[in-house]
Amino acid sequence: MSMIQPYWLTGLMIGSLTACQIVRTQPSPPAKPMSIQIYQKWELQRGDRVNNQTVVSALGDLAIDVAGKAVYAPMSGEAKRDRTGCVLFAGTELPAYLFRFCGINTPKLGALRKGQTIGTANLLVFATFQKQQNGTWAFVEPSKAMVEQTLKRS
Amino acid sequence: MTQKHRQHSLRVPIVLLVLSAIAAASIKLLWQFNPNLLPIAAFTSTDELQCSEIVTPDALLSRERILKLMTIAEGTNKARVRGVLKAPYCKLKPMTVRAGVAAEREVYPLEFDPKIWAIILYEDDNYVGVRLVPKTQQCPSSVL
């Protein structure tokens, strides 16, 4: 009788560890790439091909030589991949704005806290969008402070 | 006697091991369920959703006023929006997202669920947008 108790406890332990594994391996929502409709109808946009060569940064984009360093979430928010492989980031407490980070190697997606690393980049192509009345996203000029917050851990 | 003693001395470390494993598993489960329940969460949870200035401590947003807000177009003058929403509960830290334009964010807890905050964004005294956010961000809400 006294020998049964440890076995029972061991069983319980295995049971609780398995429960943890089940919680951990819960399927995360499928990371479907997002696409946004841009307000400006400029002739050349990022990803377009000219003379069989790719436009990596177009009007409205800010290209920064990050030299392999990290790029950080400027505020708490959520990161998702878009169709062209860039990262779209929306701040939880900032309505009507969207940030686009292109050129990030193996980005961290999902919920991010302020100052958390999104990923590293060599040439970061950054854009800021503001939502328009018709639901499209317009390129707007980001403040220097905003860009600074993405480049240094806050 | 000696056999019984040996058996006993063997049982104690096994029970301790099992108990510590259960404790570790419970903490892990608790952490996954709600990180804010553990004191360590102070290092990881966001502390951003904090008012920088309380305006009207008892301000709440009713369903009717939210419905009215939904009919207001972006770009409408702040005074008109405030006429519908009345004074906010508080203001968040001012920030500058667009170059040279101050972003002003005002917060209203919802009357039917005060744990949810409506954050209204104004720029240049014009209404820019709204977002509903759980006040305690225990479960990160999807914004994309």
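Is B:R98 buried, partly exposed or exposed? With a relative accessibility of 25%, B:R98 counts as partly exposed, since the buried class ends under 20% and the exposed class begins over 50%. Please keep in mind while reading that this is a predicted model.

**Chain B as a whole**

Let us start with the overall layout. Chain B holds four helices and five strands, and from the N terminus on these elements follow the order α-α-β-α-α-β-β-β-β. The chain has 144 residues, of which 32% count as buried. Its exposed surface comes to about 8800 Å², with carbon and sulfur atoms supplying 61% of that area. If we take the contacts in chain B with a separation of 6 or more, residues 24 or more positions apart account for 45% of them.

**Salt bridges in chain B**

Over all chains, the count of salt bridges is seven. Three of chain B's pairs are set out here, with the N to O distance for each.

| Pair | Closest N and O atoms |
|---|---|
| B:K78 and B:E104 | 2.8 Å |
| B:K91 and B:E104 | 3.4 Å |
| B:R98 and B:E123 | 3.0 Å |

B:E104 is a good place to begin. B:E104 forms a salt bridge with B:K78. Because B:E104 sits in strand β3 (residues 103-110) and B:K78 in helix α4 (residues 78-85) of chain B, this pair ties together parts that are 26 residues apart in sequence. The two ends differ in burial: B:E104 is partly exposed at 24% relative accessibility, whereas B:K78 is buried, with a relative accessible area of 11%.

B:E104 also meets B:K91 in a salt bridge. Here B:K91 belongs to strand β2 (residues 90-92) and B:E104 to strand β3 of chain B, so the link joins parts 13 residues apart in sequence.

Now back to the residue from the opening question. The side chain of B:R98 meets that of B:E123 in a salt bridge. B:R98 lies in the loop between β2 and β3 of chain B, and B:E123 in strand β4 (residues 113-123), so the pair ties together parts 25 residues apart in sequence. While B:R98 is partly exposed at 25%, B:E123 is buried, its relative accessible area being 4%.

Which residues do shared partners join into one network? They are B:K78, B:R82, B:K91, B:E104 and B:E106.

**Two places to look at in chain A**

In chain A, the buried residues of helix α2 (residues 144-151) are A:M146, A:V147 and A:T150. Viewed down the axis of α2(A), these buried residues fall within an arc of 95 degrees, so they line one face of the helix. The general pattern is handy here: an α-helix has 3.6 residues a turn, so residues three or four places apart point the same way. The buried residues of α2(A) pack against four strands of chain A, namely β3 (62-65), β4 (70-72), β7 (97-105) and β9 (117-131).

The other place is A:R81, which is found in strand β5 (residues 77-81) of chain A. At 36% relative accessibility, A:R81 counts as partly exposed. Leaving out residues up to four places away in sequence, A:R81 touches A:K32, A:P33, A:M34, A:C86, A:P107 and A:L109. A:K108 lies 27 residues from A:R81 in sequence, and their C-alpha atoms are 9.6 Å apart in space.

How values were computed. Residues numbered from 1 in each chain as written. Chains lettered and ligands numbered in written order. Predicted model: local features only at pLDDT ≥ 70, side-chain atom pairs only at ≥ 80, totals over all residues. Heavy atoms only, no water. Helix = DSSP H or I, 4+ residues; strand = E, 2+ residues; numbered from the N terminus. Buried < 20%, exposed > 50% of the residue type's maximum accessible area, 1.4 Å probe, protein only. Contact = heavy atoms within 4.5 Å. Salt bridge = Lys/Arg side-chain N within 4 Å of Asp/Glu carboxyl O. Areas by Shrake-Rupley, 256 points an atom, 1.4 Å probe, with all protein chains shown as cover. Arc of directions from axis to C-beta.
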